[in-house]
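Here are my notes on the nonpolar side chains of the model, set out point by point so that they can be checked against the coordinates.

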Amino acid sequence: MNLVQILILLFIFFVLYRLVIKLIKHEITIFLFAVWLIFWLNISFFAIYPNVLSYISSKLGVGRGVDVAIYASILVIFYSIFRIFTHLQMQEKKISEIVRKIAIILAEKPKKK
Amino acid sequence: MKTFIVIPAYNEAKTIAQVIEKLLNQNYDNIIVVNDGSSDETAEVVKNFPVHLINHAVNLGQGAALQTGNEYALEMGADAIVHFDADDQMKVDDIKKFLDGLQTGYQVVLGSRYLSGNNKIPFLKKYLIHKPGIWVNWLFTGLKLTDVHCGFRALTSSAASKIKIRQNNMAHASEINALIKKYGLSYKEVPVEVTYHKFGQGLRGGFKIIIDLIKPIFFDNI
């Protein structure tokens, strides 16, 4: 195991530690904990066994194993950005509806002379 | 025809009083000012007049303010709703043209600064923002309009109940046009006169308007 692999595993260990703390403090749901746990365990697997990525890359016709990881990461990042963006749009819509409802309820009518 | 004038206002303390006075002087008594989270004294100024005042707790954008005004006006039993700016650039005299248009059977009447030959529209605004905007609007909505971004418009209550403005910012202008097309609403343009006191959006804001004109096409279903 080389230095890069060790650093990656140390980082993942830190992330998993933070994840467990968040679960204990009920800051994330069990489902979300499980999703991120599976994700980071997969990353650690590929960090320990990089040859698996090389095998995958050869099957896909991509140059190196790390290239596969980068391409996959880019796809995941763009999809995540899309999901975040659509989520923000929904939040903005809900905030607008709440502000509007409150504003109309508290509307000040013209004072009668 | 019970007509409500909806005025979206964001930091317009300097001009809102004149606008309301001009409207009241011409017997437009049903005025709704939607104070869109202003940080100045807009609300305090408006309270001096016998008008409806709706305050957004936070600034949402002109589109959101118009939608709030529309919903409130419909609750108040409006037959017609007129959108009028708070910056004292529009002429109250022009409102009659809109109401005449509605009474002859049109469901939406849109103002156009280009049908009137009297408007001195800044060169950059005209050719860098408005003209491209007209083409973009025609491309995406199919509506042939001479002015796609004029905030002066009138709607019947039935049109207002169909046109739900979801774009909070300046994109609402093209959204309204798209909804006119979607619901097959009858519309016409009338000439309006505007007096520019300042550039308005600024060049950067103007280009943002072009982007905002396209946005509803892609994000309308979100």
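**Notes on nonpolar surface and core**

1. A:Phe45 has its place in helix α2 of chain A. The model is a predicted one, and in it A:Phe45 is partly exposed, with a relative accessible area of 37%. Because patches are made of residues with over 30% relative accessible area and no salt bridge, this value of 37% puts A:Phe45 above the area cut-off.

2. A:Phe45 belongs to a nonpolar surface patch of about 820 Å², which is also made by A:Met1, A:Leu3, A:Ile6, A:Leu7, A:Leu10, A:Ile48 and A:Tyr49. The elements giving two or more residues to this patch are α1 (3-24) and α2 (30-48) of chain A, and α1(A) gives the most, with four residues.

3. Turning to the interior, the largest nonpolar core has 34 residues, and those with the most contacts inside it are B:Ile7, B:Leu23, B:Val33, B:Phe84 and B:Ile95. At least two residues of this core are supplied by each of β1 (3-9), α1 (16-25), β2 (31-36), α2 (42-46), β4 (80-83) and α4 (95-103) of chain B, with the largest share, five residues, coming from α1(B).

4. Which residues does B:Phe84 touch, not counting residues up to four places away in sequence? They are B:Ile5, B:Val6, B:Ile7, B:Pro8, B:Val19, B:Leu23, B:Met90, B:Lys91, B:Val92, B:Ile95, B:Gly151 and B:Phe152.

5. Apart from the largest core of 34 residues lies another core, of 29 residues, which includes B:Tyr72, B:Ile81, B:Leu143 and B:Val148.

How values were computed. Residues are numbered from 1 along each chain as its sequence is written. Chains are lettered from A and ligands numbered from 1 in the order in which they are written. This is a predicted model: local features need pLDDT of at least 70, side-chain atom pairs count only at pLDDT 80 or more; totals for chains, interfaces and linings use all residues. Side-chain values use heavy atoms; hydrogens and water are left out. Patches are made of residues with over 30% relative accessible area and no salt bridge: like charges are joined within 9 Å, nonpolar side chains (Val, Leu, Ile, Met, Phe, Trp, Tyr) within 5 Å. Accessible areas come from the Shrake-Rupley method with a 1.4 Å probe; for residues, only the protein chains shown count as cover. A salt bridge is a side-chain nitrogen of Lys or Arg within 4 Å of a carboxyl oxygen of Asp or Glu. Buried means under 20% relative accessible area, exposed over 50%, partly exposed in between (1.4 Å probe, protein chains only). A nonpolar core is a set of buried Ala, Val, Leu, Ile, Met, Phe, Trp, Tyr and Cys residues joined through side-chain atoms within 4.5 Å. Contact means heavy atoms within 4.5 Å.
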